[in-house]
Amino acid sequence: MVLPSTNFSRSLTCSSNLLNSSNDREYLHVSKIPTYHFQKSLPKLPIPELEKSCQRYFNAQLPLLSETEHKEVQRIVKDFQNGEGRELQKELVESDRKNKDSNYVSDVWFDMYLKDRRSVVLTHSPFLTFSDDPRPEYNTQLIKATNMLISSVRMMKTIRDEKLEPEVFHLNAAKSNTETFRTVCRLIPRSFSCYGAYLFKAFPLDMSQYKNLFNSCRIPRSEKDELFTDTNAKHILVMRNGHFYVFDMLDKEGNIIPENEVLSHLKFILENQISPPEFPVSALTTENRDIWTRARIQLINADPRNENKLRIIESAIFVLCLDDDQPKDPNDLSRKFLYGDGINRWFDKSFQLILTKEGTAGVNLEHSWGDGVALLRYIKEVFKDSIHNSLVNPNTTASSTANSDQKVQRLELRLDPYIKETITKAMQRFKEVTSTLDVQHLQYQKLNKKDIKNAKLSPDSVMQLVIQLAHYRMFGKNVGTYESCSTSAFKKGRTETVRPCTIATDAMCKILYCGNRNGQNNLMEGLRHCSTIHNQLTKEAAMGQGFDRHLFCLKKLSEQKGLSLPIFSHHSYSNLNHIILSTSTLTDPSIQFGGFAAVTPNGFGIGYGVEDTFLGFNVTTFPACSAQDFIECCERSLDQILEIIKG
């Protein structure tokens, strides 16, 4: 099986040829192929050969080390490959052989997230913003929230009833994204349906994460948090001014309530002028996980009724956050959707749909349960459905019989002095941490996706080279760099790491910033060499042939056996994995931009996008660095690449 390189940002081709139209009020559409039809027959994520992972690891180290260090690391890697690594590899392969329903990475990857005791805010909470509705009159907070809420519940029902079109990567959509493909694949038993799809050069993707998209929450627990899902819950959680409001979105028969009733309930909430609580319980979700665990236990001990109210919050379909302010520029929007005020959020929910006062919409993701593929599908479907199948328009009036004052319940939790003190400290820490985050945004319009492709270059490789050039311009050296790549072509696949800092990018940095230029042709060849290597690394990662997850699992296995191995204890390993440049990309017409916080105190969080009319960067960093300086260096690096491409 060969799958073209894909990563967090690449939008995936979804079919629009469905059994019946999306006018059916309860569903987005009704797929001819059931949602999880391919899931059982998806191939397992392969365990790479030890020798290949060791070589790829050494190659990733080359641009970061001196010649003396190269020899030392080469010796350490060879010793590992020919020694303890062989036994660890055998154990990993044997363990994976017994694990029929998952893969060798899945459990340790979930543990990595759920055992992390740091706050999920900034650490595990990226954001994406929706593009505006092209109809300005529909962009008001109330109308947009109503339509997006209904579309979201339609998507939930479409998934639950297995009517959502399966996620499939079509190598040649004109030949495979057809009725013939659907008819044939539907008739093939689930146990080997993927192999039928492969005959069409169509590649079904893992959809296991979709089951955690709705009615899910991360719950703080001692040592390791819990991922909780309650598919029986019918209510939505709405937050405004730090208060919790809930109402049922489904009636007794499981049908979506009338749209003018949804409008009435949201209007009732927006017109409620109650002041923010002095001690907002939601602030606890911004805390260190151990502190939050103890506080949650104390909340239940303080009043047994609090446990039921917490469960109502945690089991809600999702949380809809209605904010009372409107950010003025992309930097303010980034702050709004990345962390907000820390009060009008419940950061443990699988995702939060956030709408500003003037109707700008965004999503904040709690990352432990899933990755970009599922979230991107949610955004694409809700964006499309809320526009093309709007059930509420500017002339829609709220229901006069909705009885919103009775059906909308405001939850109040009883607090004791310990909880109040914990909330106060949480709010203080939240402000201290978020106030130090620097956020900057760049929209570069001199170069675009078409220009890059016309130069026979990979747009993603060019953006990654720009990032390397910008950092080299600022600091004169190469550093550990991370780019997320989806492995969803495999059962329960999540992500693999692409290492964009290569010997090719190192060479271009030295040529452009240290002289030694040998003419325009050589510079263009240098860009193409970077593109070729980057494409190969991305393809390897997408096919489960990266080295990061493999070595990560071998390291965990060695720790379980009480081993201390030089390959993992040597400073070169920790240096490679101290991520200074954390990068991810997401490009789709339904999205304006996205971002996340830097993952190290001296690093940068870089969300970027390649559009038809511009190239975009969203950069975050902490006081040790400057996001503005990095943006300026990106702009100058883009100017240099533009000069090379244009000749």
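**Reading the labels in this predicted model**

Trainee: Why are α18 and α23 called roughly perpendicular to each other?

Mentor: The axes of helix α18 (residues 503-513) and helix α23 (residues 627-646) cross at roughly 90 degrees and come within 12 Å. Angles of 65 to 115 degrees count as roughly perpendicular, under 35 as roughly parallel, over 145 as roughly antiparallel, and the rest as oblique. The value of roughly 90 degrees falls in the perpendicular range, so the label follows. Each axis is a line fitted to C-alpha atoms, for helices over the stretch in contact, with angles running from 0 to 180 degrees between N-to-C directions. The helices themselves are DSSP runs (H or I, at least four residues; strands are E, at least two), numbered from the N terminus.

Trainee: Which residues make the contact between α18 and α23?

Mentor: Met508, Leu512 and Tyr513 come from α18, and Ser637, Gln640 and Ile644 from α23. Contact means heavy atoms within 4.5 Å. By class, this contact has four nonpolar residues, two polar and no charged ones. Nonpolar covers Ala, Val, Leu, Ile, Met, Phe, Trp, Tyr, Cys and Pro; charged covers Asp, Glu, Lys and Arg; the others, Gly among them, are polar.

Trainee: What should I know about the model before going on?

Mentor: Residues are numbered from 1 along each chain as its sequence is written. The model is predicted, with local features needing pLDDT of at least 70, side-chain atom pairs counting only at pLDDT 80 or more, totals for chains, interfaces and linings using all residues, and side-chain values using heavy atoms with hydrogens and water left out.

Trainee: How confident is the predictor in the protein chain, by pLDDT?

Mentor: The chain averages a pLDDT (the predictor's confidence in each residue, from 0 to 100) of 94, and 95% of the residues score at least 70. Over residues 1-22, though, the pLDDT is below 50, and this stretch has 80 contacts in the model beyond near neighbours in sequence. Where pLDDT is low, the predicted coordinates should not be read in detail.

Trainee: What makes α10 oblique to α11?

Mentor: The axes of α10 and helix α11 (residues 305-315) cross at roughly 130 degrees and come within 7 Å. That angle fits neither the parallel, the antiparallel nor the perpendicular range, which means that α10 is oblique to α11. Arg296, Leu299 and Ile300 of α10 meet Asn306, Glu307, Leu310, Arg311 and Glu314 of α11. By class, this contact has three nonpolar, one polar and four charged residues.

Trainee: What do the buried residues of α11 pack against?

Mentor: They pack against α10 and the strands β4 (216-219), β5 (226-229), β6 (235-240), β7 (243-248) and β11 (409-411). The buried residues of α11 are Asn306, Leu310, Ile312, Ile313, Glu314 and Ser315.

Trainee: Why does threonine 293 count as buried?

Mentor: Buried means under 20% relative accessible area, exposed over 50%, and partly exposed in between (1.4 Å probe, protein chains only). Threonine 293 has 8%, so buried is the right word. Threonine 293 lies in α10 (residues 289-302). Leaving aside neighbours within four places in sequence, threonine 293 contacts Arg117, Pro220, Arg221 and Ser222.

Trainee: Is histidine 367 buried or exposed, and how do you know?

Mentor: Histidine 367 is buried, because its relative accessible area is 17%. Histidine 367 sits in the loop between β10 (361-365) and α13 (372-388). Not counting residues up to four places away in sequence, histidine 367 touches Tyr113, His124, Pro126 and Arg494. The unreviewed UniProt entry carries the annotation "active site" for His367; such annotations may be inferred rather than shown by experiment, feature names are shortened, and positions are given in the numbering used here.

Trainee: Why is asparagine 241 called partly exposed?

Mentor: Its relative accessible area is 21%, so asparagine 241 falls in the middle category. Asparagine 241 is in the loop between β6 and β7, and its phi is near 55 degrees, a positive value in a residue other than glycine.

Trainee: And what makes lysine 456 count as exposed?

Mentor: Lysine 456 has 66% relative accessibility, so it counts as exposed. Lysine 456 lies in the loop between α16 (449-454) and α17 (459-475). Lysine 456 also has a positive phi, about 60 degrees, although it is not a glycine.
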